[in-house]
Amino acid sequence: MHVRAVATATTALMGATVLFLPTSHAQAADTSDSPVVVAHRGASAYAPENTLAAVDKAAEMGFRWVENDVQRTKDGELVVLHDASLARTTNVEQVYPGRAPWNVRDFTAAQVARLDAGSWFGSRYKGARVPTLKQYMNRVSHNHQKLVLEIKNPDLYPGIERETLKLLSNEGWLSPAHLKNSLVVQSFSADTVRTVHRLRPGVKTAFLGTPAITDLPEYATFADQINSSYTTISRSYVAAIQAFDGPHGRPLEILTWTVDDAAGARRVAGYGVDGIITNKPDVVRDATQG
């Protein structure tokens, strides 16, 4: 497999000592050497992002991995939404005028549940709702899908790491079977990723960003993946990541985002990434697995 071959070359250059394993975890879950394709916020080029419709669309298209974002309401409900504000993807300005900037944390779960989260995308999705995380997990489970869950804006929601893990546990997502190959929890906050790893060491974790290579040994103590923007990576950077073992004794992985065109998909696949996060999973699949 490409991961260990590339890591071997990088190890020789860096003078590091690496435990060699036959394959990376992400690839072990796939049936080919191609990168795993993750539907970003669901199949968000074809249905309104982070809705149940987007999850279902990804399933309809044959994609097992989806990605989502988690925020928290005023009364403590975890909901699936990318932005800190409800304004871009719902009709909150019409339903609750005068409450700018319409931040999620300023609305109760019942108020959020009233909002239309689909019409902005297209009339056929009128009436789609902002799902609670519990509703979302139930749908992902129903579809037999796997999840990359991003904890958003943890500085706005103290304690959200513990609350997210509690809900995942209550919904059966911290079972050995799920932990083995169905769940990744990620964040742009290194402190959040550390906290998740400390609270539930069995959970596969990912840091969103492009740390300096010299900092990778520290990240490898609490993150299983370094998930970087495709604009910030190179073949050598991917190899450097994969040369280190993560907290579970397996090589670090990299999922890159957000790649929506065939040329870009082929380019990052050539770098040896373990996965590609995309709004257009069909385009990436056709480009890399055709």
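The lining of the second largest cavity in this predicted model comprises six nonpolar residues, three polar residues and one charged residue. To display this lining, select Glu49, Asn50, Thr51, Val80, Leu81, Thr89, Ala117, Trp120, Val130 and Pro131. The space that these residues line amounts to about 60 Å³. The structure as a whole holds three cavities of 30 Å³ or more. Rolling a probe the size of a water molecule over the atoms reveals where such empty space remains.

Next, select strand β1, residues 36-39. Which of its residues point one way, and which the other? Val36 and Val38 point to one side, whereas Val37 and Ala39 point to the other. In a regular strand, side chains alternate between the two faces of the sheet. Each of these four residues of β1 is buried.

Keep β1 on display and add strand β9, residues 275-278. The two strands run parallel and are joined by four bridges. Within this pair, valine 37 stands opposite isoleucine 276 of β9.

Now add strand β2, residues 65-72. β1 and β2 also pair in the parallel sense, here over two bridges. At this pairing, alanine 39 has valine 66 of β2 as its bridge partner.

Finally, select lysine 204, which is located in the loop between α9 (190-199) and β6 (205-208). Is this residue buried or exposed? Lysine 204 counts as buried because its relative accessible area is 8%, and buried means under 20%. Select glutamate 253 as well: its side chain and that of lysine 204 are joined by a polar contact of 2.9 Å.

Conventions. Residues numbered from 1 in each chain as written. Predicted model: local features only at pLDDT ≥ 70, side-chain atom pairs only at ≥ 80, totals over all residues. Heavy atoms only, no water. Buried < 20%, exposed > 50% of the residue type's maximum accessible area, 1.4 Å probe, protein only. Pairing = 2+ DSSP bridges. 1 Å grid on protein atoms, 1.4 Å probe; cavity = no way out; pocket = protein on both sides within 12 Å on 5 of 7 lines; lining within 4 Å. Points joined across faces, edges and corners; volume = space filled by probe spheres on them. Nonpolar A, V, L, I, M, F, W, Y, C, P; charged D, E, K, R; others polar. Polar contact = N/O pair within 3.5 Å; in protein donor to acceptor, adjacent residues only side chain to side chain.
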